[in-house]
Amino acid sequence: MDLATRRRRTALFLFFLMPGLSISSWVTRTPDIRDQLDASTAQMGLVLFGLSVGSMLGILSSGALVARFGTRPVMGVGTVLIIVSMAVIGSGALLSSAPAVTVGLFLFGAGMGGGEVAVNIDGAEVERITGRTVLPTLHGFFSLGTVVGAVVGIVCTAVEFPVQWHLGGVAVIAAGMFVYAFRAIPAAVGRTRGPRTADDDAAPARAAVWKDRRLLLIGGIILAMALAEGAANDWLPLLMVDGHGVDPALGSAVYAGFAAAMTLGRFGGGFFIDRFGRAPVVRASALSATLGLTLVIFADSPVLAGAAVLFWGLGASLGFPVALSAAGDSGPDPAARVSLVAMIGYIAFLVGPPGLGFLGDHYGLRSAMIVVLAFVAVAVFLAPAIGTRRTTRPEAHTAQVPASDPALDGSHTARRD
């Protein structure tokens, strides 16, 4: 691996680490934020709806923006929005302003959703250049960020450190990482349209992508696994506090356990993918998440429920990155394919937080999680769409992926989390 590629890979580690650090920082403080806003569970669902709307708008525009401008500016703008969102959420908590917190979550969702496709396309490019399984490790850095952010959040919650100063500090740290990492990302990666290219030039490719049955099944897997991950990110501390009667600090600790399990699964996932193949790994992941969710929902013991969260985290760790990787090498126009399945996955972020919030307000958060359990159980049966063992080999450093065989045997050239 040459020096420029090594620096680029390190920069992508940071681009995955920053949103993980940011999201877990405010998630672990959601009980405190809720108390400062004096909001009910349903009202918190509406506040989180800002995150959903921002995420969907970001993901809907990301593919087109990457095609027009390349990954670098899209990643840059998205990360800046995440940094600004931390300050806005903290200010909203300080002012006890639900609209301000909602706006902050909207900015976070737009930044993370907008940069999602770009970061994954760039990560896939590094994967092709090096001929190594890289995307699960990159997503592992996202999970590592959530672990670090969760541990800091637990400490801040335990000592009653003000939310606004906590999130403001996160914004400053993320800004420093961004300044360092942005320089290593090359320009023009993923750009497929010149200034004069009309949208209708790409319409046939988009139509073909929408008609790809295998790609839609992969999207179904992402929908289920994103819902499993997103439900924990949005509700796990409150689920443990309200559903199992633990104190806020312990609820944050359980979330940290979830994030640690996600991190372990993603850093170790490359070995299992290369050894056993995509489909068996995704099926085992869905089964693990199903077991974990079942125990969290139906077990009355807080200790057992807390331990089951580890199965939930391990199960949710690989579905999203492996499915995105499979989507990218399932045929021509990888940017459009990644954009499509990521958009399907972000439906979970659009309907999940407010939907689970309303269900939780009427039936309790434990009962609301049955919806998540049902989706994850379905993913067990969709796993064959991912394909079989994934092979990697070095490719030329190009912004585009050669067309690959879309058959279900999975024997494509390598192409994300």
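## Helix H9

Helix H9 is mostly covered, with 25 of its 32 residues buried. The model is predicted. H9 spans residues 213-244. At Trp-235 this helix bends by about 65 degrees. A proline, Pro-237, follows within four residues of the bend. After H9 comes Gly-245, and its phi is positive, near 75 degrees.

## Overall make-up

The protein has 16 helices and zero strands. Of its 417 residues, 59% are buried. The exposed area is about 15,300 Å². Carbon and sulfur atoms supply 69% of that area.

## The nonpolar core

The largest nonpolar core holds 120 residues. Trp-26, Leu-236, Trp-312, Met-369 and Val-372 have the most contacts inside this core. H9 gives the most to the core, with 17 residues.

Leu-236 shows how such contacts are spread along the chain. Residues up to four places away in sequence are not counted here. Leu-236 touches Ala-231, Val-254, Tyr-255 and Phe-258. Val-309 and Trp-312 are also in touch with Leu-236. Trp-312 is itself among the core residues with the most contacts.

## Aromatic pairs

The structure holds nine aromatic pairs. One of them joins Phe-15 and Phe-178. This pair is edge-to-face, at 6.2 Å centre to centre and 90 degrees between the planes. Phe-15 lies in helix H1 (residues 3-27) and Phe-178 in helix H7 (residues 163-182), so the pair ties together parts 163 residues apart in sequence. Both Phe-15 and Phe-178 are buried.

Phe-141 and Phe-267 form another edge-to-face pair. Their centres are 5.3 Å apart, with 75 degrees between the planes. Phe-141 belongs to helix H6 (residues 135-158) and Phe-267 to helix H10 (residues 248-276). This pair links distant parts of the chain, 126 residues apart. Phe-267 is partly exposed, because its relative accessible area is 35%, and the partly exposed range runs between 20% and 50%. Ring pairs also bring in Phe-13, which joins Phe-141 and Phe-267 in a cluster.

## Two arginines

Arg-72 lies over the face of Phe-182. The distance from the ring centre is 4.0 Å.

Arg-34 sits in helix H2 (residues 30-37). Arg-34 counts as buried because its relative accessible area is 15%, and the cut-off for buried is under 20%. Neighbours within four places in sequence are left aside in its contact list. Arg-34 is then in contact with Ala-39, Met-44, Leu-238 and Asp-242. Leu-238 and Asp-242 fall within the span of H9, residues 213-244.

## Positive phi in two loops

Asp-38 is not a glycine, yet its phi is positive, about 55 degrees. Asp-38 is in the loop between H2 and helix H3 (41-69). With a relative accessible area of 67%, Asp-38 is exposed.

Ser-96 is not a glycine either, and has a positive phi of about 55 degrees. Its place is in the loop between helix H4 (71-94) and helix H5 (98-130). Ser-96 counts as partly exposed, at 43% relative accessibility.

Note on methods
Residues numbered from 1 in each chain as written. Predicted model: local features only at pLDDT ≥ 70, side-chain atom pairs only at ≥ 80, totals over all residues. Heavy atoms only, no water. Buried < 20%, exposed > 50% of the residue type's maximum accessible area, 1.4 Å probe, protein only. Areas by Shrake-Rupley, 256 points an atom, 1.4 Å probe, with all protein chains shown as cover. Bend = angle between axes of the 7 residues up to and from the residue. Phe/Tyr/Trp six-rings, centres within 6.5 Å; stacked < 30°, edge-to-face > 60°. Lys NZ or Arg CZ within 6 Å of the ring centre and 35° of its normal. Core = buried A, V, L, I, M, F, W, Y, C linked by side-chain atoms within 4.5 Å. Contact = heavy atoms within 4.5 Å.
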